[in-house]
Every structure is written in structure tokens, then in C-alpha cells.
Amino acid sequence: MTLRLADRLLAVRQRHTVGRESEQDVFLQAIHADEFPFCVLHVYGPGGIGKTTLLRTFGALCAKAGIRSTYVDARDINPSPDVFLQVIGAAMQLEPSSDMFDALAAAHERHVLLIDTYELLLPLDDWLRDVFLPHAPDSMLIVLSSRQPPTTGWRADPGWHEIIRMVPLRNLNPDESRAYLTQRQLPPEQHDAIVDWTHGHPLALSLVADTFAQRHDTQFKPETAPNVIQGLLERFVQKTPGPAHRTALEACALVRRMTESLLAEMLDMTDVNDMFTWLRSLSFIESGQRGLFPHDLAREALTADLRWRHPARYAELHRRARQYYARTLQEQHGHEQQRIMFDFVFLHRESSFVRPFLEWQESGSITADRMAEGDKTALLAIIEQHEGPTAARLAAHWMARQPHNVTVYRDTSQQPIGLWLRVELQEASDADRQTDPATAAAWSYLRRRAPLRSGERAAMFRFWMARDTYQDVSAVQSVISINIGMYYMNTPGLAYTFMPCASPEFWKPAFSYMDLEQLEEAAFEIDGRRYTVFGHDWRVTPPLAWLDLLAERELAEAPLEHQPARLAPLVVLSQPEFEESVRNALRDILRPDALQRSPLLRSRIVLDRVGAHASDSQRAAALQAALREAAETMQAQPREQKWYRAVYHTYLQPAATQEQAAELLDVPFSSYRRHLKAGVDRIVELLWQRELQGGEVSTK
């Protein structure tokens, strides 16, 4: 008889399961009863207590009893009803076109649905209890695993109280702990010390076992450190197969989700398949739909240890992850880009300036959408509730003028629960800008302090709020923050942004960390309420440089107000100043010492190439390269090739005189002068485009 892989997996899992006899008895009695004695089994306990292992054990017991079971992890479910039904339907192998509720009602065979990490589905808790579960047939048993006990809605409802069984999980008892250690083949003479130290905590026991598996001659010595998990991880890290494995483990702890491609970048290796497989085999590393991640307790301990023990490696891994995210941010769009932004923001979770201001979950139950005509009444009511009737009237004005710049945030029932209204200042007429005290003040500030150049854009995030919590920290506010970050990254020619705020004392630390300057001249007042405005000049610190700046601040040990002064910022030249500087630089292109005096050394075309930390000589070399590249683009266009040759023999490989250059080109001197002017103008045009928009020079 040939065994299936599923049979082998079942046998292995059964061999590795110890303890939890009472919990298994409850489950076995339920699935073997003529009628399920309860419809929902809710298992709960703290992180590392063994909830996932128990659910896997339940699945094995179902297989042994010939009962079909389906296991899903809530980490792989965006908590909205539609997505939940899609994931469950796929896991249960239902036809994609079938109605989930009809399919459930038609099911007659016994089925156990195991939902792990249920705490991530709390936004759906009411819907699951009141809509989904009542449609489930009585032949289905639902098992929920969560860090929290059931919410009040389950316990207070007399109906649910009768058909839900709550099972809290505790540490393993000493006999169960010793059985586990025996099963993992740890020396019996060391069992007592291990059990006394771990107190039967399943994750701690598994970490000890992993340490022994890495090195069989390990001698366990009880530590006095109060943090058991951290002490164990430190011992485990010391016993990893090699330095690269240790770095892989630290990298996995640093990022939100580890994929093979991200690991390759963080380790600077081309083939990391074996390393990734090793990570996946560790008992405290979990696999999700989007990659690997350590148990929360393990992540905390590994990250804290690395940052304390080897800050340089922490900084380098941080830089490589940031580099990976910065590149993929520019390659992705929509929801995938939003997910990468969350990955990037996760790198800053340890910052005392960022941690209090964001909810780290992706808030997947919230969807961002364009404003529909039917949304306006609800959105204006939200604004009036928090900012008053005058603000609502102004919001209606901008909704009529720039409806495409309104983002609506919806809950699972598709009702508006927040909004972000952006005003593109350069698109508005002067009369429209003057209608609103906020945009009037911002436009006045721009004209006096940071005038826009041709092709540049400025935006005011005029209204940003959640329906229930206004501008306080919330899931809606966190998603708005991520969307604003995506706007920064995706907007060509972005020069300036303004962020009005009703509670500046609360938000100032976070805004300062994010390099937003408080602009006293841009403050405004409506209905007796004063709004402080924060701003950022994206010509001075472009988006990629901004990401680097945030990383420097996250890695700095000193408080923000005591950190060293920033390097000289990017200089914002007007178009005439820029054009004159390019013409002068072309004349000095073969004289690096002269180029070092050019104002273009602090322009975007240079700093985007070499960064703010580059020396003057490096910047001069970058300027030379930018000039040459802009000139060489003309070779690709037949009409411009004669312009390139004139520039080449005048500046790049100059003849002794312009007359000799004309002779080399075999054209009349007047034609040579005309071609040279056209070539220089084209170089100026190409570099100005790059100065405004960043990125590569376009040949269009």
C-alpha cells in the first residue's frame, strides 16, 4: 500500500504532539457525538502558547476520524466579507462561481473549519457572528484560535452562550513538558533544569529543543535573566550553523514579511534557497501567504539583541531592506504598492516618534475608493461634525472643483468611515484659492517663500479624518498616512505639500520626524478654531532622499532634537538660474575644480545620483556624467545628431577654436553656431525635466 504525503504529514504531526489531552478530549467528544454539542470552539491564549499546534492537532484528529477539515490562517485574509468568503470557499474547494452561503447550506457531511490567528479578523467579528455563522449548517463545527477571549457579543448573547465553548490555553504541565523534551530527544538529565526555567512555555521549550538540534553537545544552564524567550534566542543564535544563517535570522526579524528575493538582497547573495528553507524549518518561524515571519516574542528579542549587540549590522540590514522596498515601490501600483509602504513603515516600528502614531496592521477591512456622487452627504456630515459648518461648505466647494482628488475610506458594508481631500494648488484658480483661508494662506506662503517653477506641483491635504476618531490615531488615519506616502512617491514634479492639523501639540513629534516643518505663516483660522500647518519642500529633500533621512533618524540613538545637523540641503534654482548654471557647467565640464563651484552640485540632478553624503569631487563627477548623458541622448534622434556633434566638438572633445570645430563638422560657421545653440538648449531642457521630476532623462 502506497502512503500519501498527507498520511506521512499526519504521522509526523502526531509524533510531535504532546500534552493538551483535556483540550483534545473536548474536541474528540464533539466530533464523535451524534450532534455537535456546540457550534463554535474558541481556543485562546497568549503568544507562543501553542494555539497553532493545537489546531493542527485537531486537523489530524479529523483525518483519523474520516472527517473533512479546512485550516485557514487569518494572516492570509483581508478582513472584508467578500475576501473572507473567497478564501474560505477556495480552501473548502467550492466552485468559484457558487454562492458561499448556498454551498454551506447544501453541505450535509461533517466538516470542521479551523481559523487560526482570529484576532486579526476582529473587524469582522460582528459580521461573522451575526451573518456568516448563522448560515453555516449544523454539520459544520467552527474552531477559532485567538490571543483574546471571545468578545462581549459572544458572551452576552444567550443564544451564542449555549453553543460556544471557550477553551483557554495555559503552559504545559511538568509531565507534558518532559514528554515533549523526550520526544525531541533531549538528554533526560537536563529535563528538570529546562522545565524549571521555561515553566512549560511551549515556544520556550521548542527554542531549547532547536538549540540542541543545532548542536548536540549543548549543556543547558539555567539563566537568571527574567526574559526567558530572549535568553533562549540568544543561546539559539549562538548555535546557528554559520554566520550567514545567523544574519538570515536577524534579517527575518527586522522585516514584516521575509521572501526569498528580499532575503537575497539583505544577505547580498544570489542563491538563498537553502537559507530560506532553513528559516522555514525553525519552530518559531511561521509561514504566511506573503512570506516568513518570526513569532512576535522571537522578533522582539532578536531585534533588540541585534540592535544592542551589533548596531552596524542592524543599520546595514535596515539599509538593504529599505533599498529593496524603495525599488519595488517604484515597480508596483495600487494595493500592492500600499502593502510595500506598510513593509517600509514597519522598519520604523521601534522609533519612539513613529510607534505611537500608527497602527501596524494593514487595516485590511478598510478600502480606499473614489468619491461617488452619493458619498457627498455622508462626507460633508463627517467634516461638519468635527470642523463645523464653514469647513463643510469649503469642502463642498473643493469637492465640486477637484472631485478626482477626494479619497473615500469605506468599511466592510461600504459605508464612508473617513476621507482624504487633497487640493492641487496649481490647478486651482486664484478665485478658488482665495475662497478658502487654508489654500489662500498656503498659496501666499508659496509665492513668498518657495515659488513654484514651470511644471511643478503643490498640494494641500486639506481635509483628512476618520468618521469616529477625527485626526486621532486609528486604522483610518494609518491608511491615510500610507496613501499620503504613496502620493509622495508617485507624483512627478511634486514641489511642496501642506498638512493642516487641528492638534499640533500631539502630531508635532511625528511630523518633525517625517521632516515636516511647522509653517507659522501658513496657519489659518475657521470659525474661531486655529489650524497649524506643516509643510515639506520636495525639491530640497526628494522622496528617495526623504526615505534615507527617515532611516537615519530611525537608526540614530540620540533623540531627534539632539541629532547632528543635517547636511547642506538641495538648492532650489529658478528656471533661468538653472539654465545659466547648465551652460556654465558645460563650459567647465573638463575642469572638475571649476565644477565644484557650480550651484548644480546641490541640485536634484546630482544629489539623486550620489546622495547628500557625497564629497564635492564626487558631486562634480556626477555633474559631468549627467551633462554627458544628456548630450548623448541626442545621438538617438536623427534630427538631433548634428546638434550632438556640435556640442561634442565644442565641450566634450573640444577643438582648439569654434572655427576649427565648424571645419571638423564640415559645415558653415553660421550653421555650426545654430547647431550648437540647439544642442545646448536640448541639454538644458532634458536636465530641467529631470530636475523637476527626478528619474532618468527622457528622450521624448
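Student: Which residues do ring pairs link into a cluster here?

Tutor: This is a predicted model, and in it ring pairs join Trp420, Phe461, Tyr487, Tyr488, Trp538 and Trp546 into a cluster.

Student: How do I read one of those ring pairs?

Tutor: You describe a pair of aromatic rings by the distance of the centres and the angle of the planes. A search of the whole structure turns up 24 aromatic pairs. Take Trp420 and Phe461: their ring centres are 5.5 Å apart and their planes sit at 70°, so that pair is edge-to-face. The two come from distant parts of the chain, with Trp420 in strand β10 and Phe461 in strand β11, 41 residues apart. Trp538 and Trp546 also pair edge-to-face, with 5.3 Å centre to centre and 75° between the planes.

Student: Are Trp420 and Phe461 buried or exposed?

Tutor: Buried means under 20% relative accessible area. Trp420 counts as buried because its relative accessibility is 4%, and Phe461 because its own is 0%. Trp538 and Trp546 are both buried too.

Student: Let's try a helix. Which residues of α19 are buried?

Tutor: In α19, the buried ones are Leu379, Ile382, Ile383, His386 and Glu387. They cover an arc of only 100° around the axis, so they lie on the same side of α19. Turned away from that buried side is a face with the exposed residues Thr377 and Gln385.

Student: What covers the buried residues of α19?

Tutor: The cover includes α20, β9, β10, β11 and β15.

Student: And which residue follows α19?

Tutor: Gly388 does, and its phi is positive, near 100°.

Note on methods. Residues numbered from 1 in each chain as written. Predicted model: local features only at pLDDT ≥ 70, side-chain atom pairs only at ≥ 80, totals over all residues. Heavy atoms only, no water. Buried < 20%, exposed > 50% of the residue type's maximum accessible area, 1.4 Å probe, protein only. Helix = DSSP H or I, 4+ residues; strand = E, 2+ residues; numbered from the N terminus. Arc of directions from axis to C-beta. Contact = heavy atoms within 4.5 Å. Phe/Tyr/Trp six-rings, centres within 6.5 Å; stacked < 30°, edge-to-face > 60°.
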